[in-house]
Amino acid sequence: MKKLLLLSMGCVALWGAAQQVTVVERTRLLQDVEGPAYHPVLNVDGSRLLFASGEQFGLKMYSYDDNVVTRVSDEAGAGIDAFWGGDGKAYYVTQERRQNNLVFRTGHCYDVAAQRSQVVLEAQHGAVRPMPATRGAALRGNASYVSGKSLGTAVTTQGSEVVLTVGSKERRFTPVDSDAGYLWASLSPDGQRVAFFAAGSGIVVMDLNGNVLAQLGNYEMPCWLNDDYLVAQNATDDGHQFTSSQIILLKADGTFRHELTRPTSMTMQPTCGGGKIVYTTIDGQLHQMKIQINP
Amino acid sequence: MKPMNFKTILAMLVAVMGIHCALAQQPHVYINPGHGGHDADDRNVVVPPFAQGDTMGFWESNSNLWKGFALREMLKKKGYKTSISRIRNRTADDLNLSTIVALCNSSGADVFYSIHSNATGAGEHYRINFPLGLYRGYTGSPIVPGSDQLAKDLGVYLLANQSTVWSENNYRIAGDWTFYPDWNNQGLGVLRGNNAVSMLDEGSFHDYYPETYRLINHDYDWVEGFNFSLGADRYFGRLENYSDDFEGIITGNLRDDRLLRNVTWVLLGDDKRQPINGATVRLIDSEGNVVQTTMTDNIENGIYLFKYVKPGTYTVEASEPEHFTQTKQVVVASNAPTYCNFDLKRVRNTPPEVLSYSPVWSEGDPAELCVEPIVLQFNWDMDIEATEAALEIEPAVEGTFRWEDTNYRMVFTPVDAYQTNTLYTVTLHKSACHGGGTPMEQDFTFQFLTQSRSHLNTLALWPREDCQVHYKTPYVEFRTDSLLQSKDLFNLFHVYDKSGTELDWSKRQIKNNKNGDNYGYIRLPLLRDLVPGDEYTLKIEREVSDTAGIHLPAEMNYKFVAADMGVEKPETELLYDGEDASGVTISGTYKSASVSTSTAHLFGSKSLQLKWDFAKEDDTEVEPELLLGLESDQVFTAGDTLCVHVWGDMSCNKLQAVFLPTSDGDMPALPGIDMLDVCTLDFHGWQYIQMVVPYGYSKFSGFHMMPTDSRMGVSGTLLIDNVLYKRGMPNSGVNRVTLDNVHVGPVPASDYIVASADSRIQGVELLDLGGKALVRNATNYVNVADIPAGVYLLRVHVNGLTSTHKVAVQH
């Protein structure tokens, strides 16, 4: 009887916490204009969108204001891990094979206003990790690039560590165990929390001191929709190919989850900015969604 | 502290720069042991003694991880930087594909290996084994340049593995978009968006059961990981980087030199022989020191491995209590595998003897089948050549040998059949020896008597040689004197068109005999219609046999022609169209019978359907028969033709046309025929049958059905469509009936024309040249006094036959 009472109380609590989510807009982006597009990345105010043209070909930018697509780079792989700096510029990494088949990576910065790319980190062997920051950006590797003296707050992952830089102070956290490592760290819009993905555990939300606030489940590619909600990818596979993939909405405190697309929609790689949610499909169709969440 | 001079500082600077340079040139390999955990998508192959779901049995997630560990171990030893996507095998370690890709991209790896094994996904009788490398993109156009080279450099070493048996000596390499055409260019998720030079390797086929057992063995997996490291060395141009004393490995497997595996799986090459479990393998250096010792496991793979062996010459010694110890000398090279397999000879310490035999027969016992194989069971696996040579059968009979139970059992099967009612003497001479070469101590002899039946007899077959088969919904039907072995029987029947292309059966509609049937049969509908006018060949293989194994005496080959039986027949009159059964009567002696119409037809929309059952009551002596009455006023005279379209089901009953005597106006009745054979229903489908009425003057009144002495005609179904009348030319009767010693005269005649014959003349008819009867008389003459002068025909009826003669009237 006691168990039943507790269970009933729990159900009431969950029902009370349930939100009403309404999709107010769902549109196909760049239909009949662009071919397959992957790895979409919205800037903070949602006015520009970076994406890879084709699975691994080059990098393009779509400007919502003038409805123009700009070719940023034709180099293979440029669209993978491209990101927006807090300075409004786009950063990306290209790679080439050199002697003995070693891969060298070069950091680039695209100045949207000047419509010009420039090399900011010379080719080097090994990883070059993107590090978006509130006031700029960094590209970290054996040699690194920093966009300015003060980056503000920046977050990235390295192995099984979250690397958090506030001003000139860098701190590293390992709040949950992960054999394979962490990915996809991002700072909440209010700058108070970090969401990241730990292989084997899923999405983790922590504060700036490394305290785990919530574990949201085994979803991927989290992005902050606002201070309270994240959007993520929920995919399954058979070890060789995807068997389902959908976009889901998660409350940052772990109390709410909502499916924004169906599992069979094969939607993936969500990005958020300015209240918009943009994602692609397994065959590269870009979609945009806006939602309304009623408490 | 002593101050450092400039040279010291310079040396330290150079050293630091060297380390930095070395690190800068350190290749980084990302290792992805495919799958993870022991769930539905982790590829559990169930092989004894492991039950389904037993994590100690084969799971691809296990073997992939062991290979990955070995690769990581070797790469670290070789100075590579490594990352790995999992180090445990739990469900939580089965990372999503996009996570693995992102981890690899984030790591900055130069190359990415996803380690897997393959499966045919086919039935138990189809197994293959070869390595396969896949990269992102179309074959020949990798999305990430260099990925195809990465696969090529790996393939060399995987294919060189001599511990396994490949079904083809080829490392297949393909782009995943080409290899998986049904996946709509989605390809492999673990290569999708992967920025490293990347590939997924399917190292071997884990559903090829000998390979399944090998992949359970960690040492075997370790060797594959080692070979991956060689592939990386080759790709990064580092094969020459290692010192001369960098260790190599020695590996291989142990098998019995003769004993065959007693399994029903597909086995390739040397995998047919039994692997040796629990054997001890020692590595002995050139000075006689044992430097490493290992054992093969007990799970049917015979694999052993010596890791980290300094280059040099060694002796490998393999021993196991039931086999003679064997040694081999090997040379180990730096950073290379040395494969050394052993075929161990079994210790056989007693002479061979026959433990049991068949057929076992004694005087007074029932005789044996004429195809009964001779089976000898031995106490040892026998030397095939010597034992086959030692077998003598009297009278001599040609046959084939089959060895079973890993050569413990010899089976001799006669190529054809033994002679009937014959006493055979079988002797295995003592020269027969076992696998170790020791002969038997004495001859072994036994006898058996054969039955009186040696071959399967054909009762009926359709189509027959040179027959015409209606081209629509054709059937092949084969009936025999005993029940046929029906499993896969249809595979022994073939129909070829004129170009030699074999036609398909409608397999779902094939009918076979069943227990209780009083003869054997198979009915095979062809899947498609034939082409009218084309010639076809029916081939029935000799191996068609009854349930006792008695087969046909020889292969049967028949030609037949397709025809359209439903074409309109010119110059005929329709007597009955089969559209209505209401006026049709049935009578006779039978268990049951019915008439109705059927939608199966050649003309119009229906045909007449007759069903009957001639099963006799236990105590009746009355022979069954059935009379099918049709309303017809058509009178047939000699030379007229009755035409009928009949659909038969090979009931093998006899069908006759029934005629009744009648008069024609003022002309007197002549003796008419009452029954005319139409056919025996020994065909399948529609046939067009024409019968010339040989004599008489009779009215067609229906059909008569009666059984033959065949055991097949107890019941059946018959369809009749358009029954036709065709007026005969007077001489057509002449053509069909020849009577000697009939004389007609005088020629010319003015009063009477008289016929004479050796037998009694039943009547004569005077016909004009158009065949119309002018005068008919039930004697041997006609009066022509009132017949105008001219040329006429006189038809003479003698003992149910007719003879027609040209006559002339002259006044």
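This is a short tour of chain B, its contact with chain A, and one pair of its helices. Keep in mind as you go that the model is predicted.

**Stop 1: chain B as a whole**

Select chain B and switch on a cartoon view. You should find nine helices and 53 strands. Now colour by burial: 43% of the 811 residues in chain B count as buried. If you like contact maps, draw one for this chain. Of the contacts between residues at least 6 apart in sequence, 72% join residues at least 24 apart.

**Stop 2: where chain B touches chain A**

Next, bring chain A into view and select the contact, which takes 32 residues from chain A and 40 residues from chain B. Which element gives the largest share of chain B's side? Pick residues 97–107 of chain B: this is helix H3, and eight residues of that side come from it. Colouring chain B's side by class shows 18 polar, 16 nonpolar and six charged residues.

**Stop 3: a helix pair in chain B**

Hide chain A and select two helices of chain B, H4 (residues 147–159) and H7 (residues 218–235). Their axes come within 8 Å and cross at roughly 135°, so H4(B) and H7(B) are oblique to each other. The crossing of this pair is right-handed.

Finish by showing side chains. On H4(B), select B:Gln149, B:Leu150, B:Asp153, B:Leu154, B:Tyr157 and B:Leu158. They meet B:Asn227, B:Phe228, B:Leu230, B:Gly231, B:Arg234 and B:Tyr235 on H7(B). By class, this contact of H4(B) with H7(B) has seven nonpolar, three polar and two charged residues.

Technical notes:
Residues are numbered from 1 along each chain as its sequence is written. Chains are lettered from A and ligands numbered from 1 in the order in which they are written. This is a predicted model: local features need pLDDT of at least 70, side-chain atom pairs count only at pLDDT 80 or more; totals for chains, interfaces and linings use all residues. Helices (H or I, at least four residues) and strands (E, at least two) are DSSP runs, numbered from the N terminus. A residue is buried if 20 or more other C-beta atoms lie within 10 Å of its own, exposed if 12 or fewer, and partly exposed in between; C-beta atoms are placed from the backbone. Two residues are in contact if their C-beta atoms, placed from the backbone, lie within 7 Å. Ala, Val, Leu, Ile, Met, Phe, Trp, Tyr, Cys and Pro count as nonpolar, Asp, Glu, Lys and Arg as charged, and the others, Gly among them, as polar. Axes are lines fitted to C-alpha atoms, for helices over the stretch in contact, and angles run from 0 to 180 degrees between N-to-C directions. Angles under 35 degrees count as roughly parallel, over 145 as roughly antiparallel, 65 to 115 as roughly perpendicular and the rest as oblique. A crossing is left-handed if the near helix is turned anticlockwise from the far one by less than a right angle, and right-handed if clockwise.
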